[in-house]
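Please work through the exercises below with the sequence and the model at hand. Each task is followed by a solution in steps.

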Amino acid sequence: MKLLLASHGNDLTAREHIAEEGELLMEQGAIAERILLLMEGTVAVQLKQGENQPHTLAIVEAEEILGEMGLFGNGVHSADVRVINGPAKLIAVDGNEMLQAMLFDADLTIEILALICQRCLKSNQIMGLLLDGISAVQAGDREQLTRSCEALRAYSHSMALAADHLESIGEA
């Protein structure tokens with residue numbers, strides 16, 4: 001992705017941004033106006049539901065793109081993105097410039113679509129494992145619950161916590 005952005009130097013204005021630990025880079029519900037390429041540091045993607053504490057959906061490290069789902073989806077960010085290990089070095093690209101570049105560059109468009117599809121597939125796999133775990137708890141199937149929880153733990157810290165919660169419910 002870095003190479004694709006670099007190859008569009010004339011079409012895309014990339015601005016370097018240094019974000020300190022704790023800085024909110026994208027806010028859930030805010031208008032999506034840019035895409036960020038995380039070059040250094042670590043960020044958390046966190047989802048808020050009502051007044052509940054936010055859930056960390058993913059921990060993202062360098063060489064990842066942030067904000068594309070909001071830009072290409074409904075135009076708003078679906079989660080907060082906060083620097084958790086900083087400072088973070090980012091490259092910001094204006095969303096309108098990105099959309100214009102994508103109109104004329106199939107390689108860039110395919111790369112972005114592939115990234116979005118990968119993330120959707122991963123989310124589908126996680127949802128399937130969570131649903132399998134819930135079904136296993138309901139049926140009292142300890143073997144299936146153990147398989148689902150072990151698979152969930154391979155994804156992220158937040159999914160490991162969800163697996164712990166499922167197992168504790170299954171023991172009750």
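The exercises concern the cysteines and one helix of this predicted model.

**Exercise 1.** Determine how many disulfides the model contains, and examine C120 in particular.

*Solution.* A disulfide requires a pair of cysteine sulfur atoms within 2.5 Å. For C120, the nearest cysteine sulfur belongs to C117 and is 6.4 Å away. C120 is therefore in no disulfide. Under this criterion the model has zero disulfides.

**Exercise 2.** Classify C120 and C149 as buried, partly exposed or exposed.

*Solution.* Buried residues have under 20% relative accessible area and exposed residues over 50%, with partly exposed residues in between. The value for C120 is 39%, so C120 is partly exposed. The value for C149 is 0%, so C149 is buried.

**Exercise 3.** Check the length of helix α5 (residues 142–153) against its expected span.

*Solution.* Helix α5 has 12 residues, and at 1.5 Å a residue it should span 16 Å. The end C-alpha atoms of α5 are 16 Å apart, so the two values agree.

**Exercise 4.** Describe how the buried and exposed residues of α5 are arranged, what the buried ones pack against, and which residue caps the N-terminal end.

*Solution.* First, identify the buried residues of α5: L145, S148, C149 and L152. These cover an arc of only 95 degrees around the axis, and therefore lie on the same side of α5. Next, consider the face turned away from this buried side, which carries the exposed residues E143 and E150. The buried residues of α5 pack against α4 (106–139) and α6 (157–171). Finally, the N-terminal end of α5 is capped by D141, with a side-chain oxygen 3.3 Å from the backbone nitrogen of E143.

Conventions. Residues are numbered from 1 along each chain as its sequence is written. This is a predicted model: local features need pLDDT of at least 70, side-chain atom pairs count only at pLDDT 80 or more; totals for chains, interfaces and linings use all residues. Side-chain values use heavy atoms; hydrogens and water are left out. Buried means under 20% relative accessible area, exposed over 50%, partly exposed in between (1.4 Å probe, protein chains only). Helices (H or I, at least four residues) and strands (E, at least two) are DSSP runs, numbered from the N terminus. The expected span of a helix is 1.5 Å times one less than its number of residues. The arc is that of the directions from the helix axis to the C-beta atoms. Contact means heavy atoms within 4.5 Å. A polar contact is a pair of N or O atoms within 3.5 Å; within protein, one must be able to donate a hydrogen and the other to accept it, and residues adjacent in sequence count only if both atoms are side-chain atoms.
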